[in-house]
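Dear colleague,

I am passing on the structure we spoke about, with the sequence alongside. Please look it over first; my notes on what was found follow below.

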Amino acid sequence: MNRSREAIMEAVQAQMPDKRWRHTLGVMETSVILARRFGADPVKAELAAILHDVCKYWPVDKQAETVRSDPELPQDMLEYEKELWHAPAAVVVAREQFGVNDREVLDAILYHTSGREKMTLLDKIVCLADYIEPGRDFPAVHKIREIAEHNVEKALVAGFDSTISFLLEQGKRIYPLTVSARNGLLMEIK
Ligand code: DGI
Ligand code: FE
Ligand code: FE
Ligand code: FE
């Protein structure tokens, strides 16, 4: 059973600085809007949004340890950038601290950073909301918001394009599921 929405929100807020909490509120609001727009469950979208960054400010060692505690989580994320780790760690917190057992919600949390090959509508919505919530400001965000008015897949490709370009510029490796996610979305579009 889930703890109440309010109790979860309070416990999540307590684990992060104010700026990140405002981001979380933005992702919640945007996830609900996108869910209504594209026909996903707004309650599930909002729950995934509340929890998606719960581990973002944990020490990275604790994030990694938490990911290792569940062998069913994709352990290969630990071989890539540390920024990926808070997503699988949040799945453990959602389940163990808050009693969330809905596979769709847990997957939307798990893949909110990396994406995955066959993204569900809920995965897409939470990942896109994370890119375009009102507090976000990066060069491509205005264009992505415009595309998101009518096409969730095209908007998310534009989001992944900006992340992949950033990783390339930094000379960093790209987690293979991010490339698969982008390829999968492009297949869906055409
Ligand atoms: O947690 P947030 O800041 O709200 O956003 P997020 O969970 O989408 O994290 C995005 C960061 O992760 C972004 O700065 C790029 C970084 N990152 C590092 N390696 C990868 C990656 N993002 C993706 N999609 N794929 C990677 O391989
Ligand atoms: Fe995140
Ligand atoms: Fe993201
Ligand atoms: Fe986020």
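Before the helices are described, one convention is needed: angles under 35 degrees count as roughly parallel, over 145 as roughly antiparallel, 65 to 115 as roughly perpendicular, and the rest as oblique. Please keep in mind that this is a predicted model.

The axes of helix 7 (residues 121-132) and helix 9 (residues 152-169) come within 10 Å and cross at roughly 50°, and the two helices are therefore oblique to each other. Helix 7 passes helix 9 in a left-handed crossing. On the side of helix 7, the residues that take part are Lys124, Ile125, Cys127, Leu128 and Tyr131, and they meet Val152, Glu153, Ala155, Leu156 and Gly159 in helix 9. Sorted by class, this contact has 7 nonpolar, 1 polar and 2 charged residues.

Turning to the interior, the largest nonpolar core holds 55 residues, of which Ala48, Leu51, Ala90, Ile109, Ile125 and Leu128 touch the most other members. If residues up to four places away in sequence are not counted, Ile109 touches Ala48, Leu51, His52, Ala87, Ala90, Val91 and Ala94.

Finally, Arg136 lies in the loop between helix 7 and helix 8 (141-148). With 16 other C-beta atoms within 10 Å, Arg136 is partly exposed, and, leaving aside neighbours within four places in sequence, Arg136 is in contact with Tyr131 and Val141. The C-alpha atoms of Arg136 and Glu169, which are 33 residues apart along the chain, are separated by 20 Å.

With best wishes

Methods: Residues are numbered from 1 along each chain as its sequence is written. Chains are lettered from A and ligands numbered from 1 in the order in which they are written. This is a predicted model: local features need pLDDT of at least 70, side-chain atom pairs count only at pLDDT 80 or more; totals for chains, interfaces and linings use all residues. A nonpolar core is a set of buried Ala, Val, Leu, Ile, Met, Phe, Trp, Tyr and Cys residues joined through C-beta atoms within 7 Å. A residue is buried if 20 or more other C-beta atoms lie within 10 Å of its own, exposed if 12 or fewer, and partly exposed in between; C-beta atoms are placed from the backbone. Two residues are in contact if their C-beta atoms, placed from the backbone, lie within 7 Å. Axes are lines fitted to C-alpha atoms, for helices over the stretch in contact, and angles run from 0 to 180 degrees between N-to-C directions. Helices (H or I, at least four residues) and strands (E, at least two) are DSSP runs, numbered from the N terminus. A crossing is left-handed if the near helix is turned anticlockwise from the far one by less than a right angle, and right-handed if clockwise. Ala, Val, Leu, Ile, Met, Phe, Trp, Tyr, Cys and Pro count as nonpolar, Asp, Glu, Lys and Arg as charged, and the others, Gly among them, as polar.
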